[in-house]
Amino acid sequence: MKWLWSPRGLFALGFSVLVATNIAVLAGVAYNRSGTPETLITLSERELPLPYYRNEEDSGLALHVDWRVLGAEEDDAPYRSWGYPAWLTADKLAALGFQINADPGLETDGNRTRTPLPKAVFIVLENNGPAYREALRRAEQALARAKDRLRADRTDQQRQETVDKAAKRLERERISASRLFAVDAGRDPARLRETFADRARFIIARGLVKLTYDYGKHRRRVQGYIQRLSVEDIHVPLAQRKLLDALIAKDRSRREADAPPRYDIALAYGRRFEPWIVSVKALN
């Protein structure tokens, strides 16, 4: 026992723990990548952008999955409903295992319900599908409405600014905004895959969902919030970094200019629904 707590014993114990941890991690990675990928999808720089900031002392590189949601149609501001998809209703939350009060009732000061803890679920992400086309339609409609209001009074500077912002938003939607949208969630990935069968368009990923309350003037409304995906930052292996490192050295981000994407990435999700990068390809 004395040897165990000696400096040499503590070093041996720590080294053993480190080796065991690394073995467990590598075994998990190997299991995840064994067999046929659960998803094999091609995303662009729009969905996997280069990091805005990178610690120069950190030699690694990771790309963040840029996913979005569609809120209620009347809420057409691009970021106002971030994380609160219109489909994540009280009924959907109940199906995900949350206890829902059928009658939220009137609210008074100090009488706010404590929200339950988030639940781990499977989230469906759709790339370049109907959800993205709906976001594009909403941006077009927002610009049309802004132009109609400006035509009624062309001297109104605020209306002109609204048109300019709406036009910039539409341009961003068309050429640089992410086309990856969370469109559903469930507790059984096999059932979700039956509904969303195209493995080249739909990702099934692990994530966290919360039940929240929107407190109005007299009542509260149940709403769902996607807190995050379990894996949102994807490590780029050294063999795939040549193109990305060159782009970082030249221009870390193209977003301020709303420029088109410069690369495609083949992304796979494995048996544990965890992603890895298969290949990186430059776009002309």
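What follows is a dialogue between a learner and a teacher about reading a predicted model of a protein chain.

Me: Before I look at any detail, how many helices and strands are there in the protein chain?

Reply: The protein chain of this predicted model holds six helices and nine strands. Of its 284 residues, 41% are buried, and the chain exposes about 17,000 Å², of which carbon and sulfur atoms supply 53%. If you take the contacts between residues at least 6 apart in sequence, 72% of them join residues at least 24 apart.

Me: Which strands form the open sheet of four, and in what order?

Reply: Begin with the general idea, which is that strands of a sheet pair through backbone hydrogen bonds, either parallel or antiparallel. In this structure, the four strands of one open sheet follow the order β4-β3-β5-β6, and their pairing is antiparallel. Its edge strands are β4 and β6 (220–229), each of which pairs on one side only. From one strand to the next, the twist averages 45 degrees. Helix α3 packs on this sheet, where it touches β3 and β4, and the direction of α3 makes about 130 degrees with that of β4.

Me: How many bridges join β3 to β5, and how many join β3 to β4?

Reply: Eight bridges join β3 to strand β5 (residues 202–215), and the two run antiparallel. Between β3 and β4, which also run antiparallel, there are six bridges. You can follow the pairing residue by residue: Phe122 has Arg206 in β5 as its bridge partner, Val124 stands opposite Ile204 in β5, and on the β4 side the bridge partner of Asn127 is Leu180. Strand β3 is also mostly covered, with seven of its nine residues buried.

Me: Which strands form the open sheet of three?

Reply: The sheet of three strands is open as well, with the order β1-β8-β9 and antiparallel pairing. Here the edge strands are β1 and β9 (275–282), each pairing on one side only, and the twist averages 20 degrees from one strand to the next. Helix α6 (residues 242–250) packs on this sheet and touches β8 and β9, with its direction at about 70 degrees to that of β9. Strand β1 is joined by six bridges to strand β8 (residues 263–269), to which it runs antiparallel; among the residues of β1 and β8 that pair, Ile41 has Leu267 as its bridge partner.

Me: What span should helix α3 have, and how far apart are its end C-alpha atoms?

Reply: The general idea is to compare an expected span, taken at 1.5 Å a residue, with the distance between the end C-alpha atoms. For the 23 residues of α3 (residues 130–152), the expected span is 33 Å, and the end C-alpha atoms are 33 Å apart, so the two agree.

Me: Which residues of α3 are buried, and what covers them?

Reply: The buried residues of α3 include Ala131, Tyr132, Ala135, Leu136, Arg138, Ala139, Ala142, Leu143, Ala146 and Leu150. Their cover includes β3 (119–127), α4 (157–175) and β4 (180–186).

Me: Is Arg159 buried, partly exposed or exposed?

Reply: To decide, you compare the relative accessible area with two cut-offs, since buried means under 20% and exposed means over 50%. Arg159, which has its place in helix α4, has a relative accessible area of 30%, and therefore it is partly exposed. Leaving aside neighbours within four places in sequence, Arg159 is in contact with Arg149, Leu150, Ala152 and Asp153. Arg149 lies 10 residues from Arg159 in sequence, and their C-alpha atoms are 6.9 Å apart in space. The side chain of Arg159 also reaches the backbone oxygen of Arg149 at 2.7 Å.

Me: Where is Glu47 found, and is Glu47 buried or exposed?

Reply: Glu47 is found in the loop between β1 (39–44) and β2 (62–64). Its relative accessible area is 0%, so Glu47 is buried. The side chain of Glu47 reaches the backbone nitrogen of Ser44 at 2.9 Å. With neighbours within four places in sequence left aside, Glu47 is in contact with His64, Val65, Asp66, Asn127, Ala177, Ser178, Arg179 and Leu180. Two of these contacts, Asn127 and Leu180, are also the bridge partners that you met in β3 and β4.

Key: Residues numbered from 1 in each chain as written. Predicted model: local features only at pLDDT ≥ 70, side-chain atom pairs only at ≥ 80, totals over all residues. Heavy atoms only, no water. Buried < 20%, exposed > 50% of the residue type's maximum accessible area, 1.4 Å probe, protein only. Polar contact = N/O pair within 3.5 Å; in protein donor to acceptor, adjacent residues only side chain to side chain. Contact = heavy atoms within 4.5 Å. Pairing = 2+ DSSP bridges. Axes fitted to C-alpha atoms, helices over the stretch in contact; angles between N-to-C directions. Areas by Shrake-Rupley, 256 points an atom, 1.4 Å probe, with all protein chains shown as cover. Expected span 1.5 Å × (residues − 1).
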